[in-house]
Amino acid sequence: MKQNMHIVILTAGYGNGHIQVARTLKQSLTLSGACTVRVIDLYREAHPGMNSVSRQLYLYSPWFSAYGLDYYGWSYYATRDLQQTSALAKWGNQLGMKKLVNLLQKQRPDAIISTFPFGGITDQLRKHGIRVPVFTVVTDFSLHNRWLFTRPDRYFVATADLKREMIERGVPAESIVVSGIPVREPFYELTRSMSPQPLRSAGGSRSVLVMMGAHIPLPDIQLITAKLLALPDVQVDIVCGGNDKLRRRLERRFAGHERLRLFGYVEAIHDRMRQASCIVTKAGGITLSEAIQIRTPIVVYKPFSGQERENAKYLERKGAAVVASSPRALTEQVHELLDSEVRRARMLQQYDELAAGCATETIVRDVLRLAGRLPALADGH
């Protein structure tokens, strides 16, 4: 294998998952000692003004959706089956590509990894005579056609179901690896150290961990908190992240409640998730993968339109999560998970099937193997 390789990871700041996967892969690749890695937020570098506006529209789309203006959900579903030959796809595939080609011609990387569906990367590389292996890491359990526009040397996907769907859409089976979605190393460490027993007993310390989104909190959080605290003998832990305003509001509303603990940003979130009897969360692909990896039952509350709703629907069909659309339904689902060992056992069995192993190790090993045997750039570039 070629030593001292240089690898570029392309990502985008639309949601926290794409960037988190990029950072996880960078850390593992760097620790391998075989390469240097640069993570590039392509849209931010290529189109900073447009990126800033569109990113804000994305981040606050749940607020607008609550008032009936679900522009993100509409755009997601309207373009989910978009064909690469369409005018809209051709326009989208050009975004950031001039900047990308300039960067590649200067940096001469040995491989490109994408954690975001930019589209059209391989076409642009061929057009400019650049020969470099390209890898795409799909960061959701659902498929949008934009993931298919690049045609990389390897796709890394979450599930065998997703692989079958991609094959049905014309992707060669040999270019798809079912790796799972990469999560941070502590989640794999917890899995390796866990007992092989299929069911964890909550015992006398039943607890519910409520996890806010990175930017937008879960809807109805005060009502959810009140209803969860009404369950007998249940500890409620809420991670507010960087939302200090929300944390202070909850502190005032539930002052002195002995079964409620409020946290800001938690560095070792894997420990909190592992100790919980179940988690209440949004349906980002990374958070769901983390819970699956350490086998903590999942309750999704009011998933946002688009890939999060599709992620939730997929896991619900598999019996790997429950989805609630109201505070009352949420409380009922949590109560059943806490009280029914049979229900928990069935869910944890699905996690055993969905956890594909250490996704990060699989991806890093494949990237280093393929990148080490291919030239970085064509002659003259």
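**Exercise 1. How much accessible surface does the chain have, and what share of it belongs to carbon and sulfur atoms?**

Solution. The model is a predicted one, in which local features need pLDDT of at least 70 and side-chain atom pairs count only at pLDDT 80 or more, while totals for chains, interfaces and linings use all residues. Residues are numbered from 1 along each chain as its sequence is written, and side-chain values use heavy atoms, with hydrogens and water left out.

Step 1: with the Shrake-Rupley method and a 1.4 Å probe, the accessible surface of the chain is about 17,200 Å², and 51% of that area belongs to carbon and sulfur atoms.

Step 2: of the 381 residues, 55% are buried, where buried means under 20% relative accessible area with a 1.4 Å probe and protein chains only.

**Exercise 2. Describe the order and pairing of the open sheet that holds β1, and place helix α18 relative to it.**

Solution. Step 1: helices (H or I, at least four residues) and strands (E, at least two) are DSSP runs numbered from the N terminus, and two strands pair if DSSP finds at least two bridges between them.

Step 2: the open sheet has 6 strands in the order β2-β1-β3-β4-β5-β6, with parallel pairing. Its edge strands, each pairing on one side only, are β2 (35–41) and β6 (176–178).

Step 3: β5 (residues 154–157) runs parallel to β6 and is joined to it by 3 bridges; tyrosine 155 has isoleucine 176 of β6 as its bridge partner.

Step 4: helix α18 (residues 359–371) lies across β1, β2, β3, β4, β5 and β6, and runs at about 175 degrees to β5, an angle taken on a scale from 0 to 180 degrees between N-to-C directions of axes fitted to C-alpha atoms, for helices over the stretch in contact.

**Exercise 3. Where does serine 179 lie, and is serine 179 buried or exposed?**

Solution. Step 1: serine 179 is found in the loop between β6 and α10 (185–193).

Step 2: its relative accessible area is 1%, so serine 179 is buried.

Step 3: leaving aside residues up to four places away in sequence, serine 179 touches Phe156, Val157, Ala356, Ala359, Thr362 and Ile363, where contact means heavy atoms within 4.5 Å.

**Exercise 4. Which strands pair with each other around helix α12, and what unit do they make with α12?**

Solution. Step 1: β8 (residues 235–239) and β9 (residues 260–263) pair in the parallel sense over 4 bridges, and the bridge partner of valine 239 is phenylalanine 263 in β9.

Step 2: together with helix α12 (residues 244–253), β8 and β9 make a right-handed β-α-β unit, right-handed meaning that, with the strands pointing away from the viewer, the path from the first strand over the helix to the second runs clockwise.

Key
Buried < 20%, exposed > 50% of the residue type's maximum accessible area, 1.4 Å probe, protein only.
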